[in-house]
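User: Hello! I am new to this structure and would like a friendly walk through some of its details. Could you take my questions one at a time?

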Amino acid sequence: MIIDYTPKLDFCDVLLVPCYSELDSRSQVSLVRTFNNFKWSPYKINCIPIFAANMHKIGTLKVAKELSKLGLMTCLSKHISVSDMNNFLHSEENLSSFFSAETSGKFFDSIAFSTGSKEEDISRLFSLMTAFPQVKIICIDVANGYRSSFLKFIADFRKDFKDHIIIAGNVVTSDQACKIIDSGADIVKVGIGSGSVCSTRNVTGVGYPQLSAVLEMQESVHNCGGFLMSDGGCQVPGDIAKAFAANADFVMLGGMLSGHNECVHEGTDDPCSFYGMSSYHAMETHYGSIAEYRSSEGKVVTVSAKGSISNTIQEILGGIRSACTYINC
Ligand code: 5GP
(Lines give C-alpha, C1' and ligand atoms only; values in the text may rest on other atoms or scores of the structure.)
Protein backbone atom coordinates (compact mmCIF):
# COMPACT_ATOMS: atom_id res chain seq x y z
CA MET A 1 0.00 0.00 0.00
CA ILE A 2 1.19 3.49 -0.85
CA ILE A 3 -0.16 6.22 1.40
CA ASP A 4 -0.72 9.71 0.00
CA TYR A 5 0.09 12.10 2.85
CA THR A 6 -1.06 15.28 1.14
CA PRO A 7 -4.15 16.66 2.90
CA LYS A 8 -7.49 15.52 1.45
CA LEU A 9 -10.49 17.72 2.12
CA ASP A 10 -14.26 17.56 2.23
CA PHE A 11 -16.50 20.60 1.84
CA CYS A 12 -16.78 20.99 5.62
CA ASP A 13 -12.98 21.30 5.94
CA VAL A 14 -12.70 24.64 4.11
CA LEU A 15 -14.30 28.09 3.93
CA LEU A 16 -14.32 30.61 1.10
CA VAL A 17 -12.38 33.77 2.00
CA PRO A 18 -14.17 37.01 1.05
CA CYS A 19 -12.46 39.60 -1.11
CA TYR A 20 -13.05 43.09 -2.52
CA SER A 21 -16.28 42.87 -4.50
CA GLU A 22 -17.91 45.07 -7.06
CA LEU A 23 -21.25 43.37 -6.49
CA ASP A 24 -23.54 45.39 -4.23
CA SER A 25 -26.45 43.01 -4.29
CA ARG A 26 -27.29 39.37 -4.84
CA SER A 27 -29.63 40.50 -7.59
CA GLN A 28 -26.55 41.36 -9.69
CA VAL A 29 -25.42 37.74 -9.66
CA SER A 30 -26.45 35.49 -12.52
CA LEU A 31 -26.16 31.76 -11.88
CA VAL A 32 -27.00 30.76 -15.44
CA ARG A 33 -24.22 29.38 -17.58
CA THR A 34 -24.19 28.43 -21.25
CA PHE A 35 -22.26 25.34 -22.28
CA ASN A 36 -21.78 25.26 -26.02
CA ASN A 37 -18.41 23.63 -26.48
CA PHE A 38 -18.80 20.01 -25.55
CA LYS A 39 -16.10 17.67 -26.76
CA TRP A 40 -18.52 15.39 -28.61
CA SER A 41 -22.00 16.86 -28.63
CA PRO A 42 -22.93 19.82 -30.85
CA TYR A 43 -25.86 20.64 -28.52
CA LYS A 44 -25.77 23.39 -25.95
CA ILE A 45 -27.13 23.68 -22.42
CA ASN A 46 -28.22 26.99 -20.93
CA CYS A 47 -29.06 26.50 -17.26
CA ILE A 48 -28.23 26.94 -13.62
CA PRO A 49 -25.76 24.05 -13.58
CA ILE A 50 -27.29 22.11 -10.69
CA PHE A 51 -28.77 18.64 -11.33
CA ALA A 52 -31.19 16.64 -9.22
CA ALA A 53 -29.67 13.16 -8.85
CA ASN A 54 -31.10 10.18 -10.74
CA MET A 55 -32.08 8.55 -7.44
CA HIS A 56 -35.53 6.99 -7.19
CA LYS A 57 -36.99 9.58 -4.80
CA ILE A 58 -35.11 12.56 -6.29
CA GLY A 59 -35.11 12.25 -10.08
CA THR A 60 -38.92 12.19 -10.28
CA LEU A 61 -40.98 13.84 -13.01
CA LYS A 62 -42.59 16.13 -10.44
CA VAL A 63 -39.16 17.31 -9.26
CA ALA A 64 -38.11 17.79 -12.90
CA LYS A 65 -41.16 19.92 -13.59
CA GLU A 66 -40.47 22.30 -10.68
CA LEU A 67 -36.73 22.47 -11.37
CA SER A 68 -37.27 23.22 -15.05
CA LYS A 69 -39.39 26.25 -14.11
CA LEU A 70 -36.49 27.53 -12.00
CA GLY A 71 -33.79 26.85 -14.62
CA LEU A 72 -32.22 23.79 -12.95
CA MET A 73 -31.73 20.32 -14.40
CA THR A 74 -32.85 16.78 -13.47
CA CYS A 75 -31.35 13.40 -14.21
CA LEU A 76 -34.49 11.28 -14.17
CA SER A 77 -34.51 8.07 -12.16
CA LYS A 78 -33.41 4.95 -14.06
CA HIS A 79 -36.79 3.42 -13.37
CA ILE A 80 -38.95 5.88 -15.29
CA SER A 81 -40.46 4.25 -18.38
CA VAL A 82 -42.07 5.52 -21.58
CA SER A 83 -45.53 4.98 -20.09
CA ASP A 84 -44.57 6.89 -16.91
CA MET A 85 -43.49 9.77 -19.16
CA ASN A 86 -46.69 9.63 -21.19
CA ASN A 87 -48.93 9.41 -18.14
CA PHE A 88 -47.18 12.42 -16.67
CA LEU A 89 -47.21 14.52 -19.83
CA HIS A 90 -50.87 13.73 -20.50
CA SER A 91 -52.11 14.07 -16.94
CA GLU A 92 -54.96 16.50 -16.61
CA GLU A 93 -53.05 18.77 -14.27
CA ASN A 94 -50.09 19.14 -16.60
CA LEU A 95 -52.10 19.48 -19.78
CA SER A 96 -54.23 22.26 -18.30
CA SER A 97 -51.66 24.20 -16.32
CA PHE A 98 -48.11 23.49 -17.42
CA PHE A 99 -47.40 22.23 -20.88
CA SER A 100 -47.59 25.12 -23.29
CA ALA A 101 -45.20 24.91 -26.27
CA GLU A 102 -42.70 27.06 -24.35
CA THR A 103 -42.76 25.26 -20.98
CA SER A 104 -42.73 21.91 -22.68
CA GLY A 105 -39.60 22.83 -24.66
CA LYS A 106 -37.97 24.06 -21.46
CA PHE A 107 -38.97 20.86 -19.66
CA PHE A 108 -37.40 18.59 -22.29
CA ASP A 109 -34.26 20.76 -22.33
CA SER A 110 -33.89 20.35 -18.58
CA ILE A 111 -34.04 16.57 -18.25
CA ALA A 112 -31.59 13.73 -18.79
CA PHE A 113 -32.48 10.06 -19.13
CA SER A 114 -30.32 7.74 -17.04
CA THR A 115 -29.07 4.24 -17.62
CA GLY A 116 -26.89 1.71 -15.87
CA SER A 117 -25.00 -1.06 -17.62
CA LYS A 118 -27.65 -3.77 -17.13
CA GLU A 119 -29.36 -5.09 -20.25
CA GLU A 120 -32.80 -4.05 -18.96
CA ASP A 121 -31.58 -0.48 -18.27
CA ILE A 122 -30.23 -0.16 -21.79
CA SER A 123 -33.35 -1.41 -23.51
CA ARG A 124 -35.48 0.94 -21.37
CA LEU A 125 -33.21 3.84 -22.37
CA PHE A 126 -33.48 3.00 -26.07
CA SER A 127 -37.29 2.99 -25.82
CA LEU A 128 -37.20 6.36 -24.07
CA MET A 129 -34.85 7.87 -26.64
CA THR A 130 -37.07 6.65 -29.46
CA ALA A 131 -40.23 7.99 -27.85
CA PHE A 132 -38.70 11.31 -26.75
CA PRO A 133 -36.01 12.30 -29.24
CA GLN A 134 -36.17 15.89 -27.99
CA VAL A 135 -34.26 14.85 -24.81
CA LYS A 136 -30.62 15.72 -25.45
CA ILE A 137 -28.82 14.44 -22.36
CA ILE A 138 -28.04 10.87 -21.32
CA CYS A 139 -26.50 9.98 -17.97
CA ILE A 140 -24.58 6.69 -17.89
CA ASP A 141 -24.36 5.98 -14.22
CA VAL A 142 -22.49 3.12 -12.60
CA ALA A 143 -21.24 2.87 -9.03
CA ASN A 144 -17.74 1.93 -10.14
CA GLY A 145 -16.49 3.80 -13.21
CA TYR A 146 -13.17 1.91 -13.11
CA ARG A 147 -14.46 -1.37 -14.52
CA SER A 148 -12.60 -2.30 -17.69
CA SER A 149 -15.81 -2.79 -19.65
CA PHE A 150 -17.08 0.71 -18.83
CA LEU A 151 -14.94 2.54 -21.41
CA LYS A 152 -16.13 0.29 -24.24
CA PHE A 153 -19.67 0.69 -22.98
CA ILE A 154 -19.37 4.49 -23.31
CA ALA A 155 -17.73 4.23 -26.75
CA ASP A 156 -20.60 2.02 -27.96
CA PHE A 157 -23.10 4.51 -26.61
CA ARG A 158 -21.39 7.33 -28.43
CA LYS A 159 -21.77 5.40 -31.70
CA ASP A 160 -25.52 5.05 -31.08
CA PHE A 161 -26.07 8.60 -29.85
CA LYS A 162 -23.64 10.72 -31.85
CA ASP A 163 -25.09 14.10 -30.96
CA HIS A 164 -26.28 13.63 -27.40
CA ILE A 165 -24.65 15.18 -24.38
CA ILE A 166 -23.34 12.18 -22.47
CA ILE A 167 -22.63 12.32 -18.74
CA ALA A 168 -20.71 9.30 -17.41
CA GLY A 169 -19.27 8.22 -14.06
CA ASN A 170 -18.50 7.84 -11.26
CA VAL A 171 -14.77 8.19 -10.71
CA VAL A 172 -12.52 10.19 -8.40
CA THR A 173 -9.17 10.32 -10.21
CA SER A 174 -7.95 12.16 -13.30
CA ASP A 175 -6.55 9.19 -15.22
CA GLN A 176 -9.86 7.37 -15.47
CA ALA A 177 -11.83 10.62 -15.87
CA CYS A 178 -9.84 11.48 -19.02
CA LYS A 179 -10.29 7.96 -20.40
CA ILE A 180 -14.04 8.36 -19.88
CA ILE A 181 -14.03 11.68 -21.76
CA ASP A 182 -11.83 10.27 -24.53
CA SER A 183 -14.15 7.26 -24.87
CA GLY A 184 -17.11 9.50 -25.73
CA ALA A 185 -18.47 11.31 -22.65
CA ASP A 186 -18.88 15.09 -22.56
CA ILE A 187 -19.24 15.37 -18.79
CA VAL A 188 -17.57 13.14 -16.19
CA LYS A 189 -19.35 12.56 -12.91
CA VAL A 190 -17.06 12.68 -9.89
CA GLY A 191 -17.70 11.20 -6.46
CA ILE A 192 -17.32 7.81 -4.79
CA GLY A 193 -18.45 7.29 -1.24
CA SER A 194 -19.48 10.88 -0.56
CA GLY A 195 -23.27 10.52 -0.91
CA SER A 196 -25.53 11.14 2.07
CA VAL A 197 -27.08 7.65 1.89
CA CYS A 198 -23.95 5.90 0.70
CA SER A 199 -22.08 3.35 2.79
CA THR A 200 -19.35 2.46 0.26
CA ARG A 201 -16.59 3.89 2.46
CA ASN A 202 -17.63 1.70 5.40
CA VAL A 203 -18.42 -1.44 3.44
CA THR A 204 -15.44 -1.38 1.06
CA GLY A 205 -12.91 1.10 2.42
CA VAL A 206 -12.95 2.85 -0.98
CA GLY A 207 -13.59 6.56 -1.59
CA TYR A 208 -12.11 10.03 -1.87
CA PRO A 209 -12.92 13.25 -0.01
CA GLN A 210 -15.18 15.15 -2.39
CA LEU A 211 -13.65 18.64 -2.46
CA SER A 212 -10.15 17.25 -3.08
CA ALA A 213 -11.43 14.97 -5.83
CA VAL A 214 -12.91 17.98 -7.68
CA LEU A 215 -9.90 20.23 -7.01
CA GLU A 216 -7.36 17.65 -8.12
CA MET A 217 -9.27 16.54 -11.22
CA GLN A 218 -10.69 19.75 -12.67
CA GLU A 219 -7.59 20.81 -14.56
CA SER A 220 -6.98 17.53 -16.33
CA VAL A 221 -10.67 17.03 -17.11
CA HIS A 222 -10.81 20.49 -18.68
CA ASN A 223 -7.52 19.93 -20.50
CA CYS A 224 -8.86 16.80 -22.14
CA GLY A 225 -11.94 18.73 -23.31
CA GLY A 226 -14.42 17.51 -20.71
CA PHE A 227 -16.64 19.10 -18.09
CA LEU A 228 -16.82 17.98 -14.48
CA MET A 229 -19.92 17.26 -12.40
CA SER A 230 -19.39 17.04 -8.64
CA ASP A 231 -21.79 14.34 -7.39
CA GLY A 232 -22.50 13.80 -3.71
CA GLY A 233 -21.56 15.26 -0.37
CA CYS A 234 -23.33 18.64 -0.54
CA GLN A 235 -25.29 19.09 2.68
CA VAL A 236 -25.83 22.85 2.76
CA PRO A 237 -25.93 25.58 0.07
CA GLY A 238 -22.39 26.69 0.99
CA ASP A 239 -21.09 23.26 -0.07
CA ILE A 240 -22.44 23.88 -3.58
CA ALA A 241 -20.69 27.26 -3.64
CA LYS A 242 -17.47 25.50 -2.59
CA ALA A 243 -17.83 22.88 -5.34
CA PHE A 244 -18.20 25.64 -7.96
CA ALA A 245 -15.29 27.54 -6.40
CA ALA A 246 -13.20 24.38 -6.80
CA ASN A 247 -14.08 24.61 -10.53
CA ALA A 248 -16.80 22.00 -10.84
CA ASP A 249 -18.92 22.88 -13.89
CA PHE A 250 -22.02 21.11 -12.58
CA VAL A 251 -23.16 19.96 -9.13
CA MET A 252 -25.49 17.02 -8.50
CA LEU A 253 -27.71 16.89 -5.41
CA GLY A 254 -29.48 13.97 -3.77
CA GLY A 255 -30.12 14.33 -0.05
CA MET A 256 -30.54 18.12 -0.09
CA LEU A 257 -33.54 17.70 -2.37
CA SER A 258 -35.10 14.77 -0.47
CA GLY A 259 -38.30 14.93 1.59
CA HIS A 260 -40.15 17.41 -0.61
CA ASN A 261 -43.74 17.11 -1.81
CA GLU A 262 -42.44 16.43 -5.33
CA CYS A 263 -40.19 13.49 -4.28
CA VAL A 264 -42.85 10.95 -5.23
CA HIS A 265 -43.86 9.05 -8.34
CA GLU A 266 -47.41 8.08 -7.33
CA GLY A 267 -49.75 9.73 -4.87
CA THR A 268 -49.19 6.88 -2.41
CA ASP A 269 -45.39 7.22 -2.22
CA ASP A 270 -43.85 8.56 0.97
CA PRO A 271 -41.57 11.50 0.12
CA CYS A 272 -39.78 11.15 3.45
CA SER A 273 -38.49 7.63 2.90
CA PHE A 274 -35.19 8.16 1.08
CA TYR A 275 -32.70 5.47 0.19
CA GLY A 276 -29.39 4.81 -1.56
CA MET A 277 -29.66 3.25 -5.00
CA SER A 278 -27.30 0.44 -3.93
CA SER A 279 -29.16 -0.30 -0.70
CA TYR A 280 -30.86 -3.65 -0.13
CA HIS A 281 -34.12 -1.73 -0.19
CA ALA A 282 -33.41 -0.40 -3.73
CA MET A 283 -32.31 -3.84 -5.00
CA GLU A 284 -35.47 -5.44 -3.67
CA THR A 285 -37.79 -2.67 -4.82
CA HIS A 286 -36.41 -2.28 -8.32
CA TYR A 287 -34.91 -5.66 -9.20
CA GLY A 288 -37.03 -7.94 -7.03
CA SER A 289 -34.09 -9.64 -5.32
CA ILE A 290 -30.58 -9.27 -4.00
CA ALA A 291 -27.85 -11.23 -5.79
CA GLU A 292 -26.03 -13.56 -3.39
CA TYR A 293 -22.62 -12.05 -4.07
CA ARG A 294 -23.72 -8.48 -3.34
CA SER A 295 -23.82 -6.48 -0.15
CA SER A 296 -25.65 -3.24 0.44
CA GLU A 297 -23.70 -0.03 -0.21
CA GLY A 298 -26.54 2.29 0.61
CA LYS A 299 -28.70 3.29 3.54
CA VAL A 300 -32.41 3.81 4.03
CA VAL A 301 -33.29 6.93 6.00
CA THR A 302 -36.40 8.82 6.99
CA VAL A 303 -36.01 12.52 6.38
CA SER A 304 -38.26 15.27 7.68
CA ALA A 305 -40.98 16.68 5.42
CA LYS A 306 -39.71 19.84 3.78
CA GLY A 307 -42.74 21.06 1.82
CA SER A 308 -42.46 22.40 -1.68
CA ILE A 309 -39.11 21.96 -3.44
CA SER A 310 -39.27 25.45 -4.98
CA ASN A 311 -38.78 27.07 -1.54
CA THR A 312 -35.66 24.98 -0.93
CA ILE A 313 -34.30 25.81 -4.38
CA GLN A 314 -34.79 29.54 -3.71
CA GLU A 315 -32.87 29.13 -0.44
CA ILE A 316 -30.07 27.28 -2.21
CA LEU A 317 -29.81 29.82 -5.03
CA GLY A 318 -29.94 32.70 -2.55
CA GLY A 319 -27.01 31.16 -0.66
CA ILE A 320 -24.94 30.72 -3.79
CA ARG A 321 -25.74 34.26 -4.99
CA SER A 322 -24.65 35.61 -1.63
CA ALA A 323 -21.42 33.59 -1.80
CA CYS A 324 -20.79 35.18 -5.19
CA THR A 325 -21.19 38.71 -3.79
CA TYR A 326 -18.61 37.88 -1.08
CA ILE A 327 -16.08 36.64 -3.60
CA ASN A 328 -16.86 38.95 -6.55
CA CYS A 329 -18.13 36.30 -8.93
P1 5GP B 1 -25.96 13.30 -1.85
O2 5GP B 1 -26.28 14.57 -2.59
O3 5GP B 1 -27.17 12.65 -1.28
O4 5GP B 1 -24.87 13.49 -0.84
O5 5GP B 1 -25.34 12.30 -2.93
C6 5GP B 1 -26.06 11.87 -4.05
C7 5GP B 1 -25.26 10.82 -4.77
O8 5GP B 1 -25.00 9.67 -3.96
C9 5GP B 1 -25.94 10.21 -5.98
O10 5GP B 1 -25.99 11.07 -7.09
C11 5GP B 1 -25.13 8.95 -6.21
O12 5GP B 1 -23.94 9.20 -6.93
C13 5GP B 1 -24.74 8.55 -4.79
N14 5GP B 1 -25.55 7.41 -4.32
C15 5GP B 1 -26.88 7.28 -4.34
N16 5GP B 1 -27.28 6.11 -3.80
C17 5GP B 1 -26.15 5.47 -3.43
C18 5GP B 1 -25.88 4.19 -2.84
O19 5GP B 1 -26.77 3.42 -2.48
N20 5GP B 1 -24.57 3.90 -2.64
C21 5GP B 1 -23.57 4.74 -3.00
N22 5GP B 1 -22.32 4.35 -2.82
N23 5GP B 1 -23.78 5.95 -3.55
C24 5GP B 1 -25.06 6.31 -3.76
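Here are the questions and their answers, turn by turn.

User: What kind of model is this, and how are its residues numbered?

Analyst: This is a predicted model, in which local features need pLDDT of at least 70 and side-chain atom pairs count only at pLDDT 80 or more, while totals for chains, interfaces and linings use all residues. Side-chain values use heavy atoms, with hydrogens and water left out, and residues are numbered from 1 along each chain as its sequence is written.

User: At what angle do helix 7 and helix 9 pack?

Analyst: Helices (H or I, at least four residues) and strands (E, at least two) are DSSP runs, numbered from the N terminus. Axes are lines fitted to C-alpha atoms, for helices over the stretch in contact, and angles run from 0 to 180 degrees between N-to-C directions. Helix 7 covers residues 174–183 and helix 9 residues 210–223; their axes are 9 Å apart, and the packing angle is about 35 degrees.

User: Which residues of helix 9 make the contact with helix 7?

Analyst: Contact means heavy atoms within 4.5 Å. On the side of helix 7, Ser174, Ala177 and Cys178 take part. Their partners on helix 9 are Glu216, Met217, Ser220 and Val221.

User: How many disulfides are there?

Analyst: A disulfide is a pair of cysteine sulfur atoms within 2.5 Å. For Cys19, the nearest cysteine sulfur is that of Cys329, 7.3 Å away. For Cys329, the nearest is that of Cys324, at 5.3 Å. By this rule, the count of disulfides is zero.

User: Is Cys329 buried or exposed?

Analyst: Buried means under 20% relative accessible area, exposed over 50%, and partly exposed in between (1.4 Å probe, protein chains only). Cys19, at 41%, counts as partly exposed. Cys329 has a relative accessible area of 57%, so this cysteine is exposed.

User: Which residues does Ser279 touch, not counting those up to four places away in sequence?

Analyst: Ser279 sits in the loop between strand 11 (273–275) and helix 11 (280–287). Its relative accessibility is 0%, so Ser279 counts as buried. A polar atom of its side chain lies 2.6 Å from the backbone oxygen of Gly276. Leaving out residues up to four places away in sequence, Ser279 touches Ser296, Gly298, Lys299 and Val300.

User: Lys65 lies in helix 1; is Lys65 buried or exposed?

Analyst: Helix 1 spans residues 61–70. Not counting residues up to four places away in sequence, Lys65 touches Phe88, Glu93, Asn94, Phe98 and Phe107. Its relative accessible area is 6%, so Lys65 is buried.

User: Which two residues does a cis peptide bond join?

Analyst: At this bond, omega is about 20 degrees. One of the two residues, Asn170, is found in strand 7 (residues 165–171). The cis peptide bond joins Gly169 and Asn170.

User: Where does Asn247 lie?

Analyst: Asn247 is not a glycine, yet its phi is positive, about 90 degrees. At 36% relative accessibility, Asn247 counts as partly exposed. Its place is the loop between helix 10 (237–245) and strand 10 (250–253).

User: And what is the phi of Asn328?

Analyst: Asn328 is found in the segment after helix 12 (309–327). With a relative accessibility of 32%, Asn328 counts as partly exposed. Although Asn328 is not a glycine, its phi is positive, at about 60 degrees.

Conventions: Polar contact = N/O pair within 3.5 Å; in protein donor to acceptor, adjacent residues only side chain to side chain.
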